Amino acid sequence: MTESQRPSGEYPMHPSYGNGDAAYPPPPSYRPTQPVAAGPGTTVWPGSGGADGHSGGGDDGYGDFHGLPQPAPQPPARGRRRVGRPVALLTAVAVAAAVVGGATATVIGQFTDSGSSGSGSSSAVSGTTVSQSSAGTVAGVAQAVSPTIVEIVASSNAGQSTGSGVIITSDGEIVTNNHVIAGTGAIKVTLSTGRTYTAKVVGTDADKDLALIKLEGARGLKTATLGDSSSLKVGDQVVAIGSPEGLTGTVTSGIVSALDRDVTVAKDSDSGQGQQGGGRGVWPFEFGGQQFNGDTGNSTTTYKAIQTDASLNPGNSGGALINMNGEIIGINSAMYSASSSDGSNSAGAGSVGLGFAIPVNTLKADLDTLRSGNSS
């Protein structure tokens with residue numbers, strides 16, 4: 001459609017045909033309303049001079065236009081609603097985006113916080129060197145307790161006896177089995193670090209198969225924590241640490257298989273110190289009226305023992321049986337070996353999951369006697 005170039009308010013006059021009373025084409029019944037400029041940025045509309053919006057008369061058929069300026073008409077309500085919808089929609093989208101964004105940030109925060117410092121899994125358990133991620137595991141127990149377990153080599157005229165021991169004081173008090181050091185003249189102790197000391201016997205109790213020795217010139221040693229063997233239950237997890245076959249710091253694990261087993265062992269050194277096979281033999285013991293790992297002799301003693309399926313081998317005697325809190329709950333003292341039960345060479349003997357340990361409460365009750373230097 002071509003835009004009209006006529007000035008605003010000008011309309012052409014049409015010639016009359018016939019009597020001149022009528023013009024063709026006839027003029028409109030009223031003059032269209034035109035805006036009146038009232039100043040920059042303001043538009044007003046003229047009001048009507050009559051009820052029909054124009055006054056009669058005039059040659060052009062429109063008549064004179066009269067009226068006062070009126071405010072520009074407001075946009076219809078429907079138009080406002082159209083505008084409002086996009087705004088409301090944008091607002092809703094923004095809110096939804098904020099909610100989704102917040103939820104996403106929360107999820108991301110949960111993932112990133114798991115690796116943050118503070119009370120994370122890498123923090124150490126109070127009072128130990130075990131990390132929280134290793135607490136209650138064999139690895140955690142081994143890390144915490146292995147530095148307190150030593151290898152003992154006791155020499156005599158008959159040969160050498162190899163066993164293990166547990167450090168209980170920082171200046172070098174060590175608990176072991178009586179049968180490991182009985183009848184010996186010289187005792188050499190090797191720490192988990194490889195450092196060696198000489199030791200002397202402080203006290204022995206053959207009836208309980210316990211002995212206390214002390215390192216010469218030792219100080220600042222890491223010590224083991226003595227637990228409570230009365231709280232043990234069958235099925236509890238345990239860890240054994242010792243020096244089987246001279247392999248210092250060997251760690252095995254298992255469970256408590258039974259409690260209060262009556263185990264009988266030899267009291268004197270002549271009944272079998274495990275001298276065979278280069279000093280790595282097993283200690284003979286009796287259970288249920290039968291002898292295992294050789295002859296126990298005539299001088300014997302019986303105690304209530306913890307039975308475990310944690311692997312024990314020659315050299316584990318005097319080492320530690322430990323609960324999953326890293327506490328000593330027994331001193332390993334005997335094991336059954338099928339290879340040596342018939343009295344054959346014990347060098348090929350091995351664990352079959354029948355091991356025994358002296359309850360730690362028996363040791364704690366006997367410590368004062370051992371420290372006094374009394375021997376039985």
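This is a short talk on how one predicted protein model is put together, from the overall fold down to a few side chains.

Let me start with the whole chain. The model is predicted, so please keep that in mind throughout. There are 376 residues, and 37% of them are buried. The secondary structure consists of 18 strands and five helices. If we take contacts between residues at least 6 apart in sequence, 63% of them join residues at least 24 apart. The accessible surface is about 20100 Å², and carbon and sulfur atoms account for 52% of that.

Next, the interior. The largest nonpolar core holds 33 residues. Val145, Val166, Phe285, Ile328 and Leu363 are the ones with the most contacts inside this core. Helix α5, residues 360-371, gives the largest share of the core, four residues. A second core, separate from that one, has 17 residues, including Ile152, Ile187, Val189 and Leu215.

What does valine 145 touch, leaving aside residues up to four places away in sequence? Its contacts are Ile241, Ile322, Gly326 and Ile328. Please remember Ile322 and Gly326, as both names return later in the talk.

Now the barrel. Six strands close into a barrel in the order β4-β5-β6-β9-β8-β7, and the pairing is antiparallel. From one strand to the next, the twist averages 40°. One pair from this barrel can serve as an example. Strand β8 covers residues 196-205 and strand β9 covers residues 210-215, and six antiparallel bridges connect them. In that pairing, threonine 204 has alanine 211 of β9 as its bridge partner.

Helix α5 comes back here. The helix lies across β6, β8 and β9, and runs at about 55° to β9.

On the loop between β7 and β8 we find arginine 195. Is arginine 195 buried or exposed? Its relative accessibility is 52%, and the cut-off for exposed is over 50%, so arginine 195 counts as exposed. Beyond its neighbours up to four places away in sequence, arginine 195 touches Val189 and Thr190. Val189 is one of the residues of the second core.

Let me move to the later strands, beginning with β18, residues 355-359. Five of the five residues in β18 are buried, so the rest of the structure largely encloses this strand. Two pairings of β18 are worth pointing out on the model. With strand β15, residues 300-308, β18 pairs in the antiparallel sense over three bridges. There, threonine 308 is bridged to glycine 355 of β18. With strand β17, residues 327-335, the pairing is again antiparallel, over five bridges. In this case glycine 330 has proline 359 of β18 as its bridge partner.

Then there is β16, residues 320-323. In a regular strand, side chains alternate between the two faces of the sheet. Which residues of β16 are buried on each side? Ala320 and Ile322 are on one side, Leu321 and Asn323 are on the other, and all are buried, with both faces of the strand covered.

As for the partners of β16, strand β11, residues 237-242, runs antiparallel to it and is joined to it by four bridges. Valine 239 is bridged to isoleucine 322 of β16. Isoleucine 322 is also one of the contacts of valine 145. β16 pairs with β17 as well, antiparallel, over three bridges. Alanine 320 stands opposite isoleucine 331 in β17. These two strands, β16 and β17, make a hairpin with three residues between them. In the turn sits glycine 326, with a positive phi of about 80°. Glycine 326 is another contact of valine 145.

The last topic is the aromatic residues. The count of aromatic pairs is three. One of them joins phenylalanine 292 and tyrosine 336, edge-to-face, at 5.1 Å centre to centre and with 90° between the planes. Phenylalanine 292 belongs to strand β14 and tyrosine 336 to the loop between β17 and β18, so this pair ties together parts 44 residues apart in sequence. Phenylalanine 292 counts as buried because its relative accessibility is 16%, against a cut-off of under 20%. Phe285, Phe292, Tyr336 and Phe356 form one aromatic cluster. Phe285 was named before, among the residues with the most contacts inside the largest core.

That is the end of the talk.

How values were computed
Residues numbered from 1 in each chain as written. Predicted model: local features only at pLDDT ≥ 70, side-chain atom pairs only at ≥ 80, totals over all residues. Heavy atoms only, no water. Buried < 20%, exposed > 50% of the residue type's maximum accessible area, 1.4 Å probe, protein only. Contact = heavy atoms within 4.5 Å. Areas by Shrake-Rupley, 256 points an atom, 1.4 Å probe, with all protein chains shown as cover. Core = buried A, V, L, I, M, F, W, Y, C linked by side-chain atoms within 4.5 Å. Pairing = 2+ DSSP bridges. Axes fitted to C-alpha atoms, helices over the stretch in contact; angles between N-to-C directions. Phe/Tyr/Trp six-rings, centres within 6.5 Å; stacked < 30°, edge-to-face > 60°.
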